[in-house]
Amino acid sequence: MTISGISEQIIRAVNTILKDMGVAEPRATLEHPENILHGDLSTNAALAYAKELKMNPRELAGKILTALGDYKLEHVDKNESAGPGFINFQINPEFIGTEIVRISDDEKFGRTPVLKSKKIVVEYTDPNAFKVFHIGHLMSNSIGESISRIIDYSGATVVRLCYPSDIGLHIAKAVWAIKNNLKELPSEDTAITLRTDFLGKMYVYGTAQYEESPEVKAEIDSINKKLFEKSDKELNDIYEKGRRWSFEHFEALYKKLGTKFDGYIYESEVAEPGKKIVLAHVGKVFQESDGAIVFKGEDYGLHTRVFLNSQGLPTYEAKEIGLNTKKFADIPDIDTSIVLTGNEQNEYFKVVRKALELIDPKIGTRTHHIGHGMLRSTAGKMSSRKGNVITGESLIEEMEEMTLEKMADREMTDAEKKIVATDVAIGAIRYSILRQAPGGNIIYDPEKSVSFEGDSGPYLQYAAVRALTVIQKANEAGLKKFSIKDILPESGFINQDSFAVTAGTLERMMVRFPEMVERACKEYAPHHITGYLTELAGLFNSFYAGNKIIDPTKPAESSYRLSVTKAFATVMTNGLYLLGINVPPKM
RNA sequence: GCCUUUGUAGCUCAAUGGAUAGAGCAGAGCUCUUCUAAGGCUUUGAUGUAGGUUCGAUUCCUACCAAAGGCACCA
C-alpha cells in the first residue's frame with residue numbers, strides 16, 4: 001500500500017457513502033494531503049454536498065463519520081471531524097516509520113514512472129557567438145537544466161539541445177569592428193575569457209558605429225551579406241576564429257554549470273531549410289504582402305509576422321520553422337519538444353507555433369514553448385548592445401570569492417575550498433533563479449547580490465552536509481540497526497510526544513517527495529521543488545537543533561533518528577540534483 | 001489604440017477553488033564546554049480598487065487603476 005493508495009481507499013469509501021445518501025455523482029477530494037501523516041488528511045465532501053442533501057455541513061460530516069465505521073480502512077487509525085464539514089484521517093504511525101526506514105535505503109527515491117517510454121527534447125541556454133554569456137543565459141540554463149532533470153526523474157528519455165546563434169547582423173557588426181582593430185586581436189594562447197571579452201567589446205563598438213555612421217552601416221550590411229555567402233576569405237577567417245573562441249568559452253561554462261548537451265543546432269544550419277519550407281507553403285500557410293512573405297495570424301487571434309523579408313532572406317521566424325522541423329527530422333519519435341526562451345518572445349512564439357501546426361500538425365502540436373522571466377538589474381535595463389551586462393562568469397566568480405571569505409576559518413585545503421566555493425556559488429545562483437515561477441522576472445540587485453542565508457541554495461546545501469556528517473559519524477560509531485517493529489512498542493517512539501520538535505512533519509514531508517517531483521514535471525515548474533526543499537530543510541534543522549541524533553544511551557531511538565537523517569540526506573541530495581545544485585562534501 | 005502577462009508584509013517570493021494566506025530579507029529579543037551557529041527559538045507586519053459566480057475566491061469572470069512585454073521585414 002502506498003500513500004496514494006491510502007488516499008484512494010478513503011475517497012472510494014466516502015464516495016460510496018455519499019452515493020448511498022443520494023448524491024448522484026459524488027466526487028470527494030482530499031485537501032491538504034501534505035498533512036496525511038499527522039491526522040490531517042481531510043476531505044471536503046461534507047461541505048461540497050451538504051446543500052444538495054439539505055443538511056448543514058457539520059451534520060453531514062457526522063453522518064459520514066458514522067457510516068465510515070463499517071469500512072475497514074487500511075493504515076488509517078482514526079477518523080474525526082475537524083472544523084465545519086471537514087473530516088480528518090490519521091495515518092498509522094507504524095506505516096510512517098516503515099516508509100522512512102525504506103526511504104533511508106533507497107538512493108533513487110523521488111523517481112517516478114509517470115513519463116515512462118516518452119521522449120522529450122528540451123532546448124535551452126541558446127547563447128550568441130561574439131556576444132557575452134550574460135546572466136540571462138544563466139536563467140535559461142538553470143531553468144532548462146532543472147526541467148530536463150525533472151523530466152528524466154519522471155522516467156522519460158531527455159534530449160538536451162542548444163541552439164546557438166552564429167550568423168546575422170550582430171555578428172557582422174563584431175566582425176567589422178575586429179577587422180578595424182586587428183592590432184588588438186588577442187593571440188590564441190591568451191586566456192579564453194580575455195579573448196571572448198575582446199569579442200564582446202568589438203560587438204559593442206560595432207553596434208555603436210552602426211547606429212552613428214551611415215557609411216559604417218553600409219559597410220556592415222555588406223559584410224553581413226558576404227558572411228552569409230562566405231564570399232570573402234579575410235572576413236571568413238575573422239568570423240571562424242571568433243566563432244570558435246565563443247563556443248570554446250561556452251563549452252567551459254557548461255562544464256562548470258553541470259550541463260551536458262546531447263546536440264547543437266546552429267542558427268546558420270536552419271536558415272536555408274527554414275526558407276525552403278516557408279516557400280513551399282506560400283499560398284497555403286503563408287502569403288505575400290508588400291514584397292515579404294508573411295503569416296496572417298489574425299485569423300487565429302494572433303498577429304501578422306514576417307517570415308521572409310522583401311529581400312527574400314529568412315527572418316528569425318523562418319529559422320525557427322527550420323529549427324523545429326530539423327529537431328523532428330534528426331531525432332526519431334519525439335513526444336514533446338520544449339523550447340525555452342525569454343518571455344518577451346511569448347506572443348511571437350504563438351504565431352510560429354500556429355504556422356508550424358499548419359505546416360505539420362504533429363510538429364506544431366508537440367512543440368511547447370516556455371517563456372522564462374528576464375533578469376533585471378536595479379541599476380537599469382541591461383543590454384549587451386550597450387555593454388552594461390553582468391556576465392555569467394563574473395557573477396559566479398563574485399559568489400565564489402564571497403564563499404571563500406566565509407570559509408576562511410574552516411579546516412580545509414585550498415583545493416578543497418575551491419571546489420566547495422564553486423558548488424556553493426552555483427547553488428546560490430541557481431536557487432535564486434529557481435525559487436520563483438519560471439515566467440517571472442528577477443530583480444537582481446548588485447549590492448545585495450545573491451543570498452547565502454535563509455531562503456537560499458547554501459541553506460539547503462548546509463542542511464544536507466550536516467546530515468551527511470551525522471551519517472558518517474554514525475557509521476564510524478557502528479550504530480546497531482533496529483527494525484521499526486522493535487522501536488515502536490518498546491520505546492513508544494513514533495507518536496506525537498516523541499516528535500516534540502517537528503511533530504512528525506519532517507517525516508510526512510519526506511514521504512511526499514515523489515509527489516512534488518510529479519507536480520513540478522507536470523507544470524514544468526522547478527520552483528515547487530525549491531519551495532518544498534526549503535521547507536524540508538527548515539524542519540530538519542529544527543529536528544537537528546532539538547535532538548541529539550546519535551545518543552549511545554538510547555540505541556532504539558538513535559536508530560530511528562538515523563533513518564530519518566538518512567532519508568533526509570537522500571531527499572535533499574536528489575532534490576538539489578533536480579535543481580542542478582551539487583552537495584559539497586563539507587561546508 | 002489593440003493583444004498578452006503581472007499586481008500578496010517595508011523588500012524579494014510562495015500558496016491543485018478549501019480550514020488560522022506561508023517563507024526569507026530588513027527590525028526587536030534570546031541561543032554555541034553537546035553530531036558544522038551558512039543554524040535554531042520568540043516577535044511586529046500583506047491579498048491594487050469595485051462588482052459578480054460559489055456553501056466557500058489570493059485563485060474563476062467583468063470593469064477600473066498600476067507595471068512589464070509584444071504589435072511587418074531585428075533576434
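**Exercise 1. Determine how strands S5 and S11 pair, and place them in their sheet**.

Step 1. Strand S5 (residues 119–123) and strand S11 (residues 336–342) run parallel and are joined by four bridges. Pairing requires at least two bridges found by DSSP; strands are DSSP runs of E with at least two residues, helices are runs of H or I with at least four, and both are numbered from the N terminus.

Step 2. Within the model, Glu123 lies opposite Val339 in S11.

Step 3. The open sheet holds five strands in the order S7-S6-S5-S11-S12, with parallel pairing. Its edges are strand S7 (263–264) and strand S12 (367–372), each of which pairs on one side only.

The model is predicted: local features need pLDDT of at least 70 and side-chain atom pairs count only at pLDDT 80 or more, whereas totals for chains, interfaces and linings use all residues. Residues are numbered from 1 along each chain as its sequence is written, while chains are lettered from A and ligands numbered from 1 in the order in which they are written.

**Exercise 2. Identify the strands that helix H5 touches, and describe this helix**.

Step 1. Helix H5 (residues 135–153) packs on the sheet and touches S5, strand S6 (157–162), S11 and S12. Contact means C-beta atoms, placed from the backbone, within 7 Å.

Step 2. The direction of H5 makes about 160° with that of S11. Such angles run from 0 to 180 degrees between N-to-C directions, with axes fitted as lines to C-alpha atoms, for helices over the stretch in contact.

Step 3. Of the 19 residues of H5, 18 are buried, a term that requires 20 or more other C-beta atoms within 10 Å of the residue's own, these atoms being placed from the backbone. Just after H5, Gly155 adopts a positive phi of about 95°.

Step 4. A second helix, H12 (residues 346–359), packs on the sheet against S11 and S12, and its direction makes about 175° with that of S12.

**Exercise 3. Characterise the surface near RNA strand B**.

Step 1. There are 73 residues around RNA strand B, and Ser42, Asp290, Asn309, Gln436 and Gly454 come nearest. A residue is near if its C-beta atom, placed from the backbone, lies within 6 Å of the strand.

Step 2. Helix H16 (residues 457–477) gives the most to this surface, with eight residues.

Step 3. By class, the surface has 26 nonpolar, 31 polar and 16 charged residues. Here Ala, Val, Leu, Ile, Met, Phe, Trp, Tyr, Cys and Pro count as nonpolar, Asp, Glu, Lys and Arg as charged, and the others, Gly among them, as polar.

How values were computed:
Two residues are in contact if their C-beta atoms, placed from the backbone, lie within 7 Å. A residue is buried if 20 or more other C-beta atoms lie within 10 Å of its own, exposed if 12 or fewer, and partly exposed in between; C-beta atoms are placed from the backbone.
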